Amino acid sequence: MLDKIIKTANKAEKDLVFEIGSNSDLILENMITGNLVWTIENFVKRAEKGMLTFPTKFDMVDPILNLNHQGKIIIRMSVNPQEIIREVEIGTSPLKNRVEAINKLKRAGYKVGILIAPVVLMDNWKEKYEELVKYLYENLDEDVKKDVFFEVIFMTYSFIHKAINEEAFPGAVNLYNKDMMTSRGRGKYTYKKEIKEEGSAFFEELLNKYFPDNEIKYIV
């Protein structure tokens, strides 16, 4: 797969960005396989153009900090309010650790983005997410705040994921809300259009309040 990416990148007329973290969390996986270190080193050596990007919910970034990445890697840290991390993103790194990891990555010269996802509209969600964004503003290094970008993704609920989570984490929070969600087909549900529009407007205003000079790539 990496060979194909490199070949496509080198043939392209302009720099392309390749998402390589769609199917697993590469930071976590790297602790077992070392594959991420290998991928970064080989891409940098062989790709004349292009960049790689991936998201993560984990803070174990030390193995990649000293790599000669040449600015060709974009790492997007996924964040959520600590209450949601604790009750929904079970087993992932705490918010404090994720923010510290962002600062480490930036100091190591990586391009960094922040992915607010999945946005879960629990009780008092507006207050929770404002506290989150305020925490980011207060704890990110100034160099991060200069050019970090944001992506916002609302939760998509799946009965398949529900079944898996209930088996793996008995007693986990039920995220399905029939009053707020609408069917997307095949057992998947998303927030209703009017609710999502309200949420999108809220996040745009919130991010512009604390990070007025930073790009919001999308809110979906």
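# Worked exercises: sheet, helices and rings

Six strands build an open sheet with parallel pairing, ordered E1-E2-E3-E4-E5-E9. The model is predicted.

## Exercise 1. The sheet

Find the edge strands of this sheet, then the average turn between neighbouring strands.

Solution.
- Step 1. Look for strands that pair on one side only: these are E1 (17–19) and E9 (216–219).
- Step 2. Take the angle between neighbouring strands, ignoring direction. The average is 20 degrees.
- Step 3. Inspect one pair inside the sheet. Strand E4 (residues 111–119) and strand E5 (residues 149–154) are parallel and share five bridges.
- Step 4. Fix the register: Gly 113 stands opposite Phe 149 in E5.

## Exercise 2. Helices across the sheet

Which strands does helix H6 lie across, and which does helix H7 lie across?

Solution.
- Step 1. Helix H6 covers residues 95–107. It lies across strand E3 (73–79) and E4.
- Step 2. The angle of H6 to E3 is about 165 degrees.
- Step 3. Helix H7 covers residues 125–139 and lies across E3, E4 and E5.
- Step 4. The angle of H7 to E4 is about 170 degrees.

## Exercise 3. The hairpin

Describe how E7 and E8 pair, and characterise the turn.

Solution.
- Step 1. The pairing of E7 and E8 is antiparallel, over four bridges.
- Step 2. For the register, Thr 182 stands opposite Thr 190 in E8.
- Step 3. Two residues separate the strands of this hairpin.
- Step 4. Arg 186 sits in the turn with a positive phi of about 55 degrees.

## Exercise 4. Aromatic pairs

Count the aromatic pairs, then classify Phe 154 with Phe 203 and Tyr 176 with Tyr 189.

Solution.
- Step 1. The count is eleven aromatic pairs.
- Step 2. Phe 154 and Phe 203 lie 6.0 Å centre to centre, with 85 degrees between the planes. This pair is edge-to-face.
- Step 3. Locate the partners. Phe 154 belongs to strand E5 and Phe 203 to helix H10 (residues 193–210), so the pair ties together parts 49 residues apart in sequence.
- Step 4. Check burial: Phe 154 and Phe 203 are both buried.
- Step 5. Tyr 176 and Tyr 189 have ring centres 5.1 Å apart. Their planes meet at 65 degrees, so this pair is edge-to-face.
- Step 6. Tyr 176 is in the loop between helix H9 (159–168) and strand E7 (181–185), and Tyr 189 is in strand E8 (residues 188–191), so parts 13 residues apart in sequence are tied together.
- Step 7. Tyr 176 is partly exposed at 29% relative accessibility. Tyr 189 is buried at 18%.
- Step 8. Trace the linked ring pairs. One cluster contains Trp 125, Tyr 129, Phe 154, Tyr 191, Phe 202 and Phe 203.

## Exercise 5. Charges over rings

Over which rings do the charged ends of Lys 145 and Lys 217 sit?

Solution.
- Step 1. Lys 145 places its charged end over the ring of Tyr 137, 4.1 Å from the ring centre.
- Step 2. Lys 217 does so over the ring of Phe 149, at 4.9 Å from the centre.
- Step 3. Link back to the sheet: Phe 149 is the residue opposite Gly 113.

## Exercise 6. The whole chain

Compare the radius of gyration with that of a compact globule, and add the overall figures.

Solution.
- Step 1. The secondary structure comes to ten helices and nine strands.
- Step 2. For 220 residues, a compact globule would have a radius near 17 Å. The chain has 18 Å, which agrees.
- Step 3. Along the principal axes, the C-alpha atoms fill a box of roughly 50 × 35 × 35 Å.
- Step 4. Of the 220 residues, 45% count as buried.
- Step 5. Of the contacts with a separation of 6 or more, 73% come from residues 24 or more positions apart.

Conventions. Residues numbered from 1 in each chain as written. Predicted model: local features only at pLDDT ≥ 70, side-chain atom pairs only at ≥ 80, totals over all residues. Heavy atoms only, no water. Pairing = 2+ DSSP bridges. Axes fitted to C-alpha atoms, helices over the stretch in contact; angles between N-to-C directions. Contact = heavy atoms within 4.5 Å. Phe/Tyr/Trp six-rings, centres within 6.5 Å; stacked < 30°, edge-to-face > 60°. Buried < 20%, exposed > 50% of the residue type's maximum accessible area, 1.4 Å probe, protein only. Lys NZ or Arg CZ within 6 Å of the ring centre and 35° of its normal. Rg over C-alpha atoms; globule rule 2.2 N^0.38 Å.
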